[in-house]
Amino acid sequence: MNSTITKPELGQLRLQGVTRRFGPVTALDHLDLTIEGGEFIALLGPSGCGKSTALSCLAGLLPLSEGAIWADDVRIDTLPSEKREFGMVFQNYALFPHLSIRDNVGFGLKVRGVNKQELRARVDEALAMVDLQEHASKLPGQLSGGQQQRVAIARAVVLRPRLVLMDEPLSNLDAKLRLQMRTEIRRLHQSLKLTTIYVTHDQEEALALADRVVVLRRSKVDQVGPPEEVYNRPINTYVASFMGFRNLFSVETTSSTGQQGIVGARSHGNSFQVTAQRPIQAGRAIMAIRPEDFQLGPVDGNSLRVRAVVVEFSGHTFVVEGVTEAGEVIHLRLKDRVSAGDTIEVGFSPYSALLFTGDECSDDVVQTAAAVQVEVFS
Ligand code: ADP
Ligand code: MG
């Protein structure tokens, strides 16, 4: 029997200083990452940060400029793509249009010379996994986008690869299908435990799917951790803004850490109480708050006057883009009805704000009041 259809075990995958340059552009800059067998890893970052390059290097579609990739104690970055025994799922499903769904899924097994009976059983099993048995004899063009993506997933997992690579597989689907498929991918991973590296620019997708999230910024890793950790304790303003802390305000902390980690912070004549994640020096800092952590009225003495500029109703909240008295843009999600043009008072709990200092503050995501061109209070 062909060895590629017995499930190869992967103990650990190690990327050591993985670097890829395109002429003057460094797309990946000394990426170090260790992945345990069975883990689901999400590579998260904005467009152009090197996610697809990382997957192509892993898949063997691109040679490295520097560094090495190890599967347990075997160096694999020097192996040709087909010898790595990885499965791939791309954004554009890349199915063969003239082959039936069954033949698309079975293609890899056929190429590997698997006998007919074995092939049929494996394909049936894979089709059942993604709930497509009744579509087996159709052509890809007769299926919806979501179904086609399920075929692509079945085609990747039918080989029981020791690593599955997925590059933004849901980005061509509409919002509802995207959620359904996300759950299916999670379910599939829970049952098969195939080691998976999943690339996305969508924070929610990464948090929902992954055992660990790797946040990439400009070809380097910023933070690696379980979803709750990256979500609740981002290490800098870049990761924070990615994790939904849309409001980043320049403040002056007026005291170093006091009782229970409470720090005073001042901004444009307003004083706030904020819980510091750790002891900090008094001085310039960035205060980060999520839109949903604001509410109407003061909270524990924290209060801010805001003029609502744009208000959108989102079902259970009102999404407000407003402007503070200092002219800073502010994003709120409020349970109470607010209308454009209203001046409101909002507050936030000291525990919901984060403070960042020194090199935790990346200039590219911090707004400066001067740069904000909006109508200020009269
Ligand atoms: P992402 O998938 O995160 O959007 P990519 O890995 O596609 O990012 O790209 C990372 C950087 O490398 C970008 O600046 C991109 O322009 C560059 N790049 C990617 N592929 C090539 C290529 N084949 N030739 C030249 N530059 C490339
Ligand atoms: Mg990409």
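Ala, Val, Leu, Ile, Met, Phe, Trp, Tyr, Cys and Pro count here as nonpolar, Asp, Glu, Lys and Arg as charged, and the others, Gly among them, as polar. On that division, the shell around ligand 1 in this predicted model consists of five nonpolar, five polar and one charged residues.

The shell includes a run of residues in sequence: Pro 46, Ser 47, Gly 48, Cys 49, Gly 50, Lys 51, Ser 52 and Thr 53. Phe 22, Val 25 and Ala 27 also belong to the shell. In terms of secondary structure, strand 2 (25-36) and helix 1 (51-59) each contribute at least two residues. Helix 1 has the largest share, with three residues.

Polar atoms of the protein approach ligand 1 at several points. A polar backbone atom of Cys 49 lies 3.2 Å from an oxygen atom of the ligand, and for a polar backbone atom of Gly 50 the distance to a ligand oxygen is 3.1 Å. From the side chain of Lys 51, an N or O atom is 2.9 Å from an oxygen atom of ligand 1. On its own, ligand 1 has 560 Å² of accessible area, and the protein covers 56% of this.

Lys 51 leads into helix 1, where it is one of the buried residues. The others are Thr 53, Ala 54, Leu 55, Ser 56, Cys 57, Leu 58 and Ala 59. Because eight of the nine residues of helix 1 are buried, the helix is largely enclosed by the rest of the structure. Just after the helix, Gly 60 adopts a positive phi of about 90°.

The description now turns to the nonpolar cores. The largest has 48 residues, and Val 105, Ile 153, Ile 185 and Val 213 have the most contacts inside it. Helix 4 (residues 145-157) gives the most to this core, namely six residues. With neighbours within four places in sequence left aside, Val 105 contacts Val 123, Ala 126, Leu 127, Val 151, Ala 154, Arg 155 and Val 158. A second core, separate from the largest, has 28 residues, among them Leu 10, Leu 15, Val 18 and Phe 86.

A charged residue remains to be placed. Arg 217 is part of strand 9 (residues 212-217). Its relative accessible area is 18%, and since the cut-off for a buried residue is under 20%, Arg 217 counts as buried. The side chain of Arg 217 is in polar contact with the side chain of Asp 222, at 3.0 Å.

Definitions and conventions. Residues are numbered from 1 along each chain as its sequence is written. Chains are lettered from A and ligands numbered from 1 in the order in which they are written. This is a predicted model: local features need pLDDT of at least 70, side-chain atom pairs count only at pLDDT 80 or more; totals for chains, interfaces and linings use all residues. Side-chain values use heavy atoms; hydrogens and water are left out. A residue is near a molecule or strand if one of its heavy atoms lies within 4 Å of it. A polar contact is a pair of N or O atoms within 3.5 Å; within protein, one must be able to donate a hydrogen and the other to accept it, and residues adjacent in sequence count only if both atoms are side-chain atoms. Accessible areas come from the Shrake-Rupley method with a 1.4 Å probe; for residues, only the protein chains shown count as cover. Helices (H or I, at least four residues) and strands (E, at least two) are DSSP runs, numbered from the N terminus. Buried means under 20% relative accessible area, exposed over 50%, partly exposed in between (1.4 Å probe, protein chains only). A nonpolar core is a set of buried Ala, Val, Leu, Ile, Met, Phe, Trp, Tyr and Cys residues joined through side-chain atoms within 4.5 Å. Contact means heavy atoms within 4.5 Å.
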